[in-house]
Amino acid sequence: MTTSPATPPPLLQVRGLHHAYGPTAVLQDIDLDLPAGRIAALVGPSGCGKTTLLHLCAGLLALQQGRIARPEAAVAVMFQQPRLLPWMATLDNIALGLRAQGVPRAQRRERARAAALALGLPEASLAQYPAELSGGMQSRAALARALVLEPALLLMDEPFSALDVGLRGQLHQLLLARQAQSGMAVLLITHDLMEAVRLADEVLVLAAAPGRIIARYRPPGEARARGEALVHRCAAQLLQHPEVRAAFGLPEQDAPDAAGTPPDEEGGGAWLQAPRCAAPRASHGC
């Protein structure tokens with residue numbers, strides 16, 4: 001991300017990142033700045049290296065080339081699947097990270113209960129095992145397990161992809177509320193452009209073979225204030241660019257549509273890095 005005098009220094013910084021599996025390059029020339037209090041969304045097709053990038057940022061993979069600076073304070077990861085331990089009750093699953101930190105049992109259970117109730121889990125569910133919970137309740141428990149650590153940086157790998165529209169919307173609002181309260185930074189992977197626009201301060205579009213950032217886009221306003229119409233307009237603006245469409249394997253559009261909708265006319269966002277095939281215009285962006 002591009003920083004300015006009004007932008008706080010990056011909490012997570014990635015510079016010149018390259019990564020390969022054997023002879024196959026997976027990521028190339030990745031640069032990323034994520035300040036505290038901001039949400040960045042990584043979008044792109046399957047196989048473009050999004051999860052590899054997140055695992056590198058989490059320290060779950062060895063760095064091959066480049067530099068990653070992350071906070072010394074707590075970093076939490078929320079995966080695509082809840083990954084709750086089936087032999088532990090929900091409350092103990094939520095408190096698991098606190099246990100690893102050496103927090104005394106009574107204190108960690110108190111904090112885990114408070115986090116669970118704040119995310120809408122009923123008291124009775126805390127004594128149940130994961131198999132007894134619905135998918136939405138499992139996702140709430142996984143989010144509570146991450147947030148109870150009070151992380152400075154939260155890394156999320158498509159955590160809402162298996163949920164229905166209603167549950168996803170509820171967890172979106174819960175995440176945004178907690179993020180606003182805590183000031184943590186969030187790096188979110190999603191396949192859903194509308195989810196990216198709905199949640200993020202900046203959307204980074206990756207293309208595959210090898211994975212590389214081809215566009216950076218800033219939706220307007222605060223995430224919690226974005227209505228459905230604005231989210232749809234911004235997602236459409238992203239998809240009107242030929243290189244973004246090509247990254248997702250979508251067919252080409254006619255030339256008039258490919259030029260993009262001027263953001264100042266239709267309430268869209270701003271391109272911080274436009275796709276190469278559509279250079280930004282001085283008055284309207286891309």
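1. In which helix does Thr 52 lie? In this predicted model, Thr 52 belongs to helix 1, which covers residues 50–58. Its relative accessibility is 10%, below the 20% limit, so Thr 52 counts as buried. Apart from neighbours within four places in sequence, the residues in contact with Thr 52 are His 19, Tyr 21, Val 26, Leu 27 and Leu 61.

2. Salt bridges come next. The structure has four of them, and three are described here in turn. As general background, side chains of opposite charge can pair when their charged atoms come close.

3. One salt bridge joins Asp 92 and Arg 109, with 2.8 Å between the closest N and O atoms. Asp 92 sits in helix 2 (residues 90–94) and Arg 109 in helix 4 (residues 105–118), so the pair ties together parts of the chain that are 17 residues apart in sequence. Asp 92 is partly exposed at 30% relative accessibility. Arg 109 is also partly exposed, and its relative accessible area is 23%.

4. Helix 4 takes part in another salt bridge through Arg 113. The partner of Arg 113 is Glu 123, and the closest N and O atoms are 2.9 Å apart. Glu 123 is in the loop between helix 4 and helix 5 (135–147), ten residues away in sequence, and the pair links distant parts of the chain. Arg 113 is partly exposed, at 30% relative accessibility. For Glu 123 the relative accessible area is 42%, which again counts as partly exposed.

5. Arg 198 and Glu 228 form a further salt bridge, their closest N and O atoms lying 2.9 Å apart. Here the link runs between helix 7 (residues 193–199), which holds Arg 198, and helix 8 (residues 228–239), which holds Glu 228; the two residues are 30 apart in sequence. Is Arg 198 buried or exposed? At 16% relative accessibility, Arg 198 counts as buried. Glu 228 is partly exposed, with a relative accessible area of 46%.

6. Both of these residues, Arg 198 and Glu 228, also line the largest pocket. The space in that pocket is about 210 Å³. Other residues of its lining include Val 165, Arg 168, His 172, Asp 192, Met 194 and Arg 226. Helix 6 (165–182) and helix 7 each supply at least two lining residues. The largest share, five residues, comes from helix 6. By class, the lining has six charged, three polar and three nonpolar residues.

7. What is the volume of the second largest pocket? It is about 160 Å³. Among the residues lining the second largest pocket are Gly 37, Arg 38, Ile 39, Leu 176, Gln 179, Leu 199 and Asp 201. Ala 223 and Arg 224 are in this lining, and Ala 223 and Arg 224 are in the lining of the largest pocket as well. Helix 6 gives the most here, with three residues. The classes are five nonpolar, two polar and four charged residues.

8. Helix 5 deserves a separate point. From its first C-alpha to its last, this helix of 13 residues reaches 18 Å, close to the 18 Å expected at 1.5 Å a residue. How many of the 13 residues of helix 5 are buried? Ten are, and the helix is mostly covered. The buried residues include Gly 136, Ser 139, Arg 140, Leu 143, Arg 145 and Leu 147. They pack against strand 5 (75–78), helix 2, helix 4, strand 6 (153–157) and helix 6.

9. Some backbone details may be checked in the model. Ala 209 and Pro 210 are joined by a cis peptide bond, with omega about -10°. Pro 210 is in the loop between strand 8 (202–207) and strand 9 (212–218).

10. Positive phi angles are found at two residues named here. Asp 29, which is not a glycine, has a phi of about 55°. Asp 29 is located in strand 2 (residues 24–35) and is partly exposed, with a relative accessible area of 48%. Arg 83 is not a glycine either, and its positive phi is about 55°. The position of Arg 83 is in the loop between strand 5 and helix 2. With a relative accessible area of 53%, Arg 83 is exposed.

Methods. Residues are numbered from 1 along each chain as its sequence is written. This is a predicted model: local features need pLDDT of at least 70, side-chain atom pairs count only at pLDDT 80 or more; totals for chains, interfaces and linings use all residues. Side-chain values use heavy atoms; hydrogens and water are left out. A salt bridge is a side-chain nitrogen of Lys or Arg within 4 Å of a carboxyl oxygen of Asp or Glu. Helices (H or I, at least four residues) and strands (E, at least two) are DSSP runs, numbered from the N terminus. Buried means under 20% relative accessible area, exposed over 50%, partly exposed in between (1.4 Å probe, protein chains only). Contact means heavy atoms within 4.5 Å. On a 1 Å grid over the protein atoms alone, a cavity is a set of points where a 1.4 Å probe fits but cannot get out, and a pocket is an open set with protein on both sides within 12 Å along at least five of seven lines; lining residues have an atom within 4 Å of a point. Grid points are joined across faces, edges and corners, and a volume is the space filled by probe spheres set on the points. Ala, Val, Leu, Ile, Met, Phe, Trp, Tyr, Cys and Pro count as nonpolar, Asp, Glu, Lys and Arg as charged, and the others, Gly among them, as polar. The expected span of a helix is 1.5 Å times one less than its number of residues.
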